[in-house]
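Please walk through the model shown below. The text starts with a pair of helices and then turns to the nonpolar core.

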Amino acid sequence: ELIDATARTAAPVVRAVPDDRLGDPTPCPEYTVRDLLNHLIHTVIGGQALAAKQSADFSHPPDYLVGDWRSRFADECLRLARAWAAPDAEEGVYPGLGFPARTMGVMELLELAVHAWDLARATGQDFAPDATTVRELGTLLEEFAPKGREMGMFGEAVAVLKGASGFDAVLAATGRNPQWRPVPA
């Protein structure tokens, strides 16, 4: 349900990305908006395979920004939600990585939520997942953030302002500055 809810709030962000902003920077310094969209679509497609305990190659996303890529993103998100809703998707251990399958599902949720925020912030939109999703991501990061940094998945944690939201804390734990804004041209 959390992947489905997050996908339904992420899809309008992707749909609203203007073509003339594809070269803009994002809170992920190594990604432009185009790069991040390709990464996110690739991750959503790969996450479907992970739910089925199949291997997925996340290393080199192709260019998905052809045709009606905005609708494709929404469709792939629905497939992702259905895949993780399967009765056995969260059971067992993911082959090869040794992570519990449920952890892999929450990692997919994290990718979707954080990168939707990255895209929203880069293109002047708003995005925030629901409170239940934020709690789930916070729990994952309490346990996994140090290992994620070790694996190069996250940057160093960023300090959050007093009174920051729970989602700001999630973003900061992944190495993002929740106050990030694009530099005006």
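Contact here means heavy atoms within 4.5 Å. The model is a predicted one. By that criterion, Val134, Leu137, Gly138, Leu141, Ala145 and Arg149 of α5 meet Gly166, Phe167, Val170 and Ala173 of α6. The axes of α5 and α6 lie 9 Å apart, and the two helices pack at an angle of about 15°. Angles under 35 degrees count as roughly parallel, and α5 and α6 are therefore roughly parallel to each other. Their crossing is left-handed.

Both helices also take part in the largest nonpolar core, where the elements giving two or more residues are α1 (2-15), α2 (33-51), α3 (69-85), α4 (101-122), α5 (131-150) and α6 (166-173). This core has 56 residues, of which Leu37, Phe73, Leu110, Leu112 and Phe127 touch the most other members. The element that gives the most to the core is α4, with 13 residues.

What, then, does α4 look like on its own? Of its 22 residues, 20 are buried, so that the helix is mostly covered. At 1.5 Å a residue, α4 should span 32 Å, and the distance between its end C-alpha atoms is 31 Å, which agrees. After α4 comes Gly124, with a positive phi near 75°.

Which residues surround Leu112? Leaving aside neighbours within four places in sequence, Leu112 is in contact with Ile3, Thr6, Ala7, Ala10, Leu40, Val44, Phe73 and Cys77. Among these, Phe73 is, like Leu112, one of the core residues that touch the most other members.

How values were computed: Residues numbered from 1 in each chain as written. Predicted model: local features only at pLDDT ≥ 70, side-chain atom pairs only at ≥ 80, totals over all residues. Heavy atoms only, no water. Core = buried A, V, L, I, M, F, W, Y, C linked by side-chain atoms within 4.5 Å. Buried < 20%, exposed > 50% of the residue type's maximum accessible area, 1.4 Å probe, protein only. Helix = DSSP H or I, 4+ residues; strand = E, 2+ residues; numbered from the N terminus. Expected span 1.5 Å × (residues − 1). Axes fitted to C-alpha atoms, helices over the stretch in contact; angles between N-to-C directions. Parallel < 35°, antiparallel > 145°, perpendicular 65-115°, else oblique. Left-handed = near helix turned anticlockwise from the far one by under 90°.
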